[in-house]
Amino acid sequence: MDAVLAVDIGATKFAAALVDDQGEVITRHQVRADRERDADGLFEQVAELLGAVMAEAPERDVSIVGCGVGAAGPITANLELISPINLTEWRGFPLRRRVADTTGLMVAGDLDTKALALGEGWIGGAVGVRNFMSMVVSTGIGGGVVLDGRLLEGESANAGHIGHIIVVPGGRQCGCGAYGCLEAEASGSAIAATTGRPPADAHAAVVERTGRLVGRAVASVVNLLDFELTLVGGSVALGFGLPFFEAAQAELDANCKLAGSRPVIRPAELGAQAPLIGAAAVGWQALGRLDPLAG
Ligand SMILES: [Zn+2]
């Protein structure tokens, strides 16, 4: 059986898996990023992880045909250089080349949130949908947009940064420097900073406000780009559950008044494996073996 090596580079952990062309995860390993290490030391952790996953291929009768990577941004196209905001050891780190040198494989990469959108379009909640957005509301907030059946890239390959849409003019200062960004008001780290407790212990009013602010940001994007479906994943959104989604939908309805606009916001469907499935979609697509957005 053929599989791709799928790699998820987050700010706190690294994960890798073998994933077949149906999106099935065959084996998976992960490691916590050791923040005591320098840039090369961190990559040694990644290299060990990749070695452990690749070593399992023969016993599972798998032939690894390529590698797809999703990484926290900002990035440059194809992950030639990555500078994850919350992984300060890596600034302009040549991730794609280092993974290729380590594995000997064809390596393709993308921003983690864009990879997630590909994954949702491939086997998740947006199969056959030509226009949609996928979002993550977790420690931070990010997204990816598919329009006319194509993943939006943008000038610097970082399109979809919905976390930096202003939802509270003059609000809290964001890590990006602006004030009142969605990420500064509704992310897990913003909730912890403003309420003094983790999102898992948030009061109902905080859950409702977070949903409302997410709905407000989504409404702006829906009005600009003309799509109906938004899928939201991430520990904060999925942990808050129904009250969050109801508040988001109500705010979306209140702000999308253009004729024919029928926006829907609902939970992402890929669950805990989503980042690896998204990374696999990037790999399979680059190999020309499948189009994750073909429906
Ligand atoms: Zn911002």
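This is a short dialogue on reading the cores and pockets of a predicted model.

Student: Where should I begin with the inside of this protein?

Tutor: Begin with a general idea: in soluble globular proteins, nonpolar side chains tend to be buried together. Here, the largest nonpolar core has 33 residues, and L5, I9, F14, I82, W90 and L95 touch the most other members.

Student: Which element gives the most to this core?

Tutor: That is α1, with 6 residues. Strands β1, β2, β4 and β5 and helix α2 are also among the elements that each supply at least two.

Student: What is F14 in contact with, beyond its neighbours within four places in sequence?

Tutor: Its contacts include I9, V31, L42, V46, L49, L87 and W90, and also D8, H29 and Q45. There is a second, separate core too, with 31 residues, including A202, V206, V232 and V236.

Student: How do I read the largest pocket?

Tutor: Look at its space, then its lining. The space is about 1,500 Å³, and 50 residues line this pocket, with D112, V136, S138, T139 and G140 nearest its centre. By class, the lining has 21 nonpolar, 21 polar and 8 charged residues. Helix α3 (residues 112-123) gives the most, with 4, and domain 1 and domain 2 each provide at least three.

Student: Where does the second largest pocket lie?

Tutor: Both domain 1 (2-111 + 273-286) and domain 2 (125-269) give residues to its lining, so this pocket lies between them. Its volume is about 160 Å³. N78, G149, E153 and L293 are among the lining residues, while β5 and α9 (274-287) are the elements that give two or more.

Methods:
Residues numbered from 1 in each chain as written. Predicted model: local features only at pLDDT ≥ 70, side-chain atom pairs only at ≥ 80, totals over all residues. Heavy atoms only, no water. Core = buried A, V, L, I, M, F, W, Y, C linked by side-chain atoms within 4.5 Å. Buried < 20%, exposed > 50% of the residue type's maximum accessible area, 1.4 Å probe, protein only. Contact = heavy atoms within 4.5 Å. 1 Å grid on protein atoms, 1.4 Å probe; cavity = no way out; pocket = protein on both sides within 12 Å on 5 of 7 lines; lining within 4 Å. Points joined across faces, edges and corners; volume = space filled by probe spheres on them. Nonpolar A, V, L, I, M, F, W, Y, C, P; charged D, E, K, R; others polar. Domains from an automatic or database assignment.
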